[in-house]
Amino acid sequence: MIQVFIFIAVMAFAARADYAEAPVGDAGSISGKILYNGRAPHPRSINVVKDPTTCGTIRIEDAWSVAADGAVGNVVVYLADIKKGKKMDAPLHPVLDQKQCHYLPHVQVVGQYAQLQIKTSDPVLHNVHSFLDGSTVINFSVPPGNRSLVKKLDKIGGMQLKCDIHSFMRGGIFVAENPYYAVTRDDGTYAIKDVPPGTYTIATWHEEGGPLSDSVTVGPNQTVTWNGRVR
Ligand SMILES: [Cu+2]
């Protein structure tokens, strides 16, 4: 029994100690551009029936942000298996607001064990429902007013956000265990800096698209280009 307890305690410690800060010498960087794989989706327009005064009467689907050249914004690009390096700097007290029936920010990266503060700027009832690999993580009803709700985010990975009241409300939160991540800009570009030389798994997460995963090797003081196509 005691052995089982010790084993569980060690496992819990190991899970927490997956990433360690350490001096980074001869750091390199990874940058590139994410494009849509194939013909970019044509965002649907939606006639809003529920709360049009707040949400607007017509909405354009916003899960995909694709530029004319196929560049995709709001894609999280990250190193999945890096164990040590620069200081962990992902936000631990992030805020998710709801404004005119949009999640703000639309996509954000937060640190593991972050205390997410959920608030609303709207005069209508919302709901923050998040899914990690299809399972519910957050499911809060958010009435108008100043009452803010807090949820601790323990599980790493990307969560889709949906509002059960306004089905067109979409967004994402990515919970990172290390600081080696970036979110693509509107032009699809990203950069991950201060990477210790080594070989890593580079991966992507998008709120609706499928993930990518690849191996990338960064040499001392080297700038590596890694591009991906998502859909
Ligand atoms: Cu809503």
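Which residue stands opposite glutamine 160 in E14? Phenylalanine 131 does, and we will meet this pair again below. Keep in mind that the model is predicted.

**View 1. The whole protein shows its strands and helices.** Let's start with the overall picture: the protein has 21 strands and two helices. Its C-alpha atoms fill a box of roughly 55 × 55 × 25 Å, taken along the principal axes. The radius of gyration is 19 Å, which agrees with the value near 17 Å for a compact globule of 231 residues. Of those 231 residues, 32% count as buried. Look also at who touches whom: among contacts between residues at least 6 apart in sequence, 65% join residues at least 24 apart.

**View 2. The largest nonpolar core gathers 42 residues.** The members that touch the most other members are Val72, Val76, Val77, Leu79, Val110, Phe174 and Ile192. Several strands each supply at least two residues of this core, among them E2 (28-36), E5 (76-79), E9 (107-111) and E10 (114-118). Further along the chain, E14 (157-162), E15 (170-176), E17 (189-195) and E18 (198-205) each do so too.

**View 3. Leucine 79 is seen with its contacts.** Leave aside the neighbours within four places in sequence, and leucine 79 is in contact with Asn178, Tyr180, Ile192, Tyr200, Thr201 and Ile202. Two names here may look familiar: Leu79 and Ile192 are both among the core residues that touch the most other members.

**View 4. Strand E10 has two faces and two partners.** Follow the side chains along E10 and you will see them alternate. Ala114, Leu116 and Ile118 point to one face and are buried, while Gln115 and Gln117 point to the other and are not. Strand E7 (residues 95-99) pairs with E10 in the parallel sense, over two bridges, and here leucine 96 stands opposite isoleucine 118. Strand E13 (residues 149-153) runs antiparallel to E10, joined by five bridges. Within E13, lysine 151 is the bridge partner of leucine 116.

**View 5. Five strands form an open sheet.** Reading across, the order is E9-E15-E14-E11-E12, and the pairing is mixed. At the edges lie E9 and E12 (135-142), each pairing on one side only. From one strand to the next, the twist averages 20°.

**View 6. Strands E11 and E14 run antiparallel.** Inside that sheet, four bridges join E11 (residues 126-132) to E14. Here is our opening pair once more: phenylalanine 131, with glutamine 160 of E14 opposite.

Definitions and conventions:
Residues are numbered from 1 along each chain as its sequence is written. This is a predicted model: local features need pLDDT of at least 70, side-chain atom pairs count only at pLDDT 80 or more; totals for chains, interfaces and linings use all residues. A nonpolar core is a set of buried Ala, Val, Leu, Ile, Met, Phe, Trp, Tyr and Cys residues joined through C-beta atoms within 7 Å. A residue is buried if 20 or more other C-beta atoms lie within 10 Å of its own, exposed if 12 or fewer, and partly exposed in between; C-beta atoms are placed from the backbone. Two residues are in contact if their C-beta atoms, placed from the backbone, lie within 7 Å. The radius of gyration is taken over C-alpha atoms; the globule rule is 2.2 Å times the number of residues to the power 0.38. Two strands pair if DSSP finds at least two bridges between them. Axes are lines fitted to C-alpha atoms, for helices over the stretch in contact, and angles run from 0 to 180 degrees between N-to-C directions.
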